[in-house]
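Trainee: Could you walk me through reading a structure, one feature at a time?
Mentor: Sure, let's open it up and talk as we go.

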Amino acid sequence: MTAALSASKHGAAVTVLEAAPRVGRKILASGNGRCNLANLGAMRYNGDTALAESVLGVCPVGQVLAFFHGLGLMTVEEAGRRVYPACGQAAAVLDVLRLALDQQGVAVVCDAPVTRLEKTKAGFRIYTSQKTYEARAVVAACGGMAGGKLGHDGGAYRLLTGLGHTLVSPRPALTALVTEKKAVKGLSGLRLPARLTICDGTKPIEAAQGEALFTDYGVSGVCAMQLSRKAGEMLGSGKRPMLYLDFSSMLGLVPRVYDRVDANDPFANVPLLLACLKERQHNLPKEALLTGLAPRLLAERLKGLPLPEMAKALAAFPAPVIGVRGMENAQVTAGGIRGSEFDSRTMQSRKCPGLFAAGEMLDVDGDCGGYNLQFAFASGLIAGESAARSIRNA
Ligand SMILES: Cc1cc2nc3c(=O)[nH]c(=O)nc-3n(C[C@H](O)[C@H](O)[C@H](O)COP(=O)(O)OP(=O)(O)OC[C@H]3O[C@@H](n4cnc5c(N)ncnc54)[C@H](O)[C@@H]3O)c2cc1C
């Protein structure tokens, strides 16, 4: 949609072909219905980080926000430098985009999955199940496979591999961690502030802090999702990642942070917890040592343990990771069409002139925090403008 608006603003006659019955369904689902549309902090991208940095150098976050403010969207900055619509509604983001498409006379055809893209002398022939279109330039912005029905089934990549592009194997990213069942037994439904560290044995590899959500299959929540990419990589290379959860922040013993944090010794806070429990022992009976400190489900699970074991379970709760949830539950796709095959200044294909690409379809994925939509919006704005220019200059 940003590509369409930008191309139309720069003089192109634009048609949006959308496979689904309506445009922008992922926007509505994003940020728990609030749409975290950008991030004002440092860039946090994976995959083709050079492309991400270059794109956001050409179209920085200020420009993305200026674009949305120009469409009438009011935004606010929240913790972690995350930007949301001020009204707290993802629908507001989609509404301003759709209104602008309408006002700028962009044709939007829904229920029109593109099944084939063919290079012709004059440009491209675009096949949908019902109709064939001719265009002088094409912006491919089909997103990724994440999010179940909100994503595509991989077919969209073939539109570009058919024109000579390479597919970097798509994998789920920003998804929940699947752990050994017995590790999370009895804790399902529990939401706790925690610091999560993924370890190779006891060697810390990556850490994130925030709200962990226990489920019947493992651990979810933003901090767990941040670690899923690394956990997936480790599992893919035959390693058995170990997750340690440190609940010290829940106990008010260390500050609460909602972000990626340095991966330090996962057992570092065990002495702190032990001292805290010993202190409580002066005033409380042993069976009530965790009352008022930890939620009931966790207290039940740990009661009866010797004090050092209890401290260890509160500061380095172990959960062996056996998998990550699939595309259905992921928020973004790692992998996609190889980004380096596109010129980041224009988003034009180096292999097929007149073809442009944007967004999650490419081999770029961001952390939680607005990075994915920001990249999609920014690369779309660049691609649309360059596509219009390429038509004008032809
Ligand atoms: C539950 C959830 C929550 C999320 N929350 C956030 C968040 O808060 N912040 C953030 O930055 N990111 C978030 N993301 C990720 C973000 O939504 C995506 O990275 C972003 O929408 C990608 O934009 P895009 O335009 O590249 O692709 P999409 O938004 O997926 O749009 C691509 C469009 O192309 C259509 N399409 C696919 N194939 C074809 C075809 N062959 N022909 C025609 N049309 C086709 C699709 O139907 C879709 O409408 C979330 C994702 C999910 C699933």
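Mentor: What follows is a chat about a helix, some sheets, a few single residues and the ligand shell. Keep in mind that this is a predicted model.

Trainee: Let's start with helices. How do I read α5, and how many residues does it have?
Mentor: The general idea first: an α-helix has 3.6 residues a turn, so residues three or four places apart point the same way. Now the case here. Helix α5 covers residues 90-103, which makes 14 residues. From its first C-alpha to its last, α5 reaches 20 Å, close to the 20 Å expected at 1.5 Å a residue.

Trainee: Which residues of α5 are buried?
Mentor: They are A90, A92, V93, L94, V96, L97, A100 and L101.

Trainee: And what covers those buried residues?
Mentor: The cover includes the helices α1 (2-9), α2 and α4 (61-70), along with the strands β5 (82-85) and β6 (107-109). Have a look just past the helix too: α5 is followed by G105, with a positive phi near 70°.

Trainee: On to sheets. What should I look for?
Mentor: Strands of a sheet pair through backbone hydrogen bonds, either parallel or antiparallel. Take the open sheet with the order β7-β8-β9: it has three strands, and the pairing is antiparallel. Its edge strands, β7 (114-119) and β9 (132-135), each pair on one side only. From one strand to the next, the twist averages 20°.

Trainee: How many bridges link β7 and β8?
Mentor: Five, in the antiparallel sense, with β8 spanning residues 124-128. To find the register, start from L117: its bridge partner in β8 is I126.

Trainee: Where else can I practise that?
Mentor: Try the open sheet ordered β2-β5-β4, again three strands with antiparallel pairing. The edges here are β2 (38-39) and β4 (75-78), each paired on one side only. Two bridges join β2 to β5, and N39 has R82 as its bridge partner in β5.

Trainee: Which strands pair with β18?
Mentor: Strand β12 (residues 177-179) pairs with β18 (residues 317-324) in the antiparallel sense over three bridges. Strand β16 (residues 241-246) also pairs with β18 in the antiparallel sense, over four bridges. For landmarks, the partner of L177 in β18 is V324, while M242 stands opposite P320.

Trainee: Now single residues. Which residues have a positive phi without being a glycine?
Mentor: N32 and C35 are two to look at: N32 has a phi of about 55°, and C35 also has a phi of about 55°. N32 sits in the loop between α2 and β2, and C35 is placed in the loop between α2 and β2 as well.

Trainee: Is N32 buried or exposed? And C35, buried or exposed?
Mentor: Count the C-beta neighbours. N32 has 8 of them inside 10 Å, so N32 counts as exposed. C35 has 27 inside 10 Å, so C35 counts as buried.

Trainee: What about P113, in that case?
Mentor: P113 lies in the loop between β6 and β7. It is partly exposed because 16 other C-beta atoms lie within 10 Å. Residues up to four places away in sequence aside, P113 touches A19, T128 and S129. For a sense of distance, P113 and G189 are 76 residues apart in sequence and 39 Å apart in space, C-alpha to C-alpha.

Trainee: And V364: where is it found?
Mentor: V364 is in strand β23 (residues 364-366). With 29 C-beta neighbours inside 10 Å, V364 counts as buried. Its contacts, leaving aside neighbours within four places in sequence, are Y45, G47, D48, L51, A52, G339 and F375. The C-alpha atoms of V364 and K230 are separated by 15 Å, with their places 134 residues apart along the chain.

Trainee: Last one, the ligand. Which residues come nearest to it?
Mentor: Of the 32 residues around the ligand, the nearest are S30, G31, G143, G147 and G359. By type, the shell divides into 18 nonpolar, 10 polar and four charged residues.

Trainee: Which element gives the most to that shell?
Mentor: That's α12, with four residues. Both α2 (25-29) and α12 (371-393) supply at least two residues each.

Methods: Residues numbered from 1 in each chain as written. Predicted model: local features only at pLDDT ≥ 70, side-chain atom pairs only at ≥ 80, totals over all residues. Near = placed C-beta within 6 Å. Nonpolar A, V, L, I, M, F, W, Y, C, P; charged D, E, K, R; others polar. Expected span 1.5 Å × (residues − 1). Buried ≥ 20, exposed ≤ 12 C-beta atoms within 10 Å, placed from the backbone. Contact = placed C-beta atoms within 7 Å. Pairing = 2+ DSSP bridges. Axes fitted to C-alpha atoms, helices over the stretch in contact; angles between N-to-C directions.
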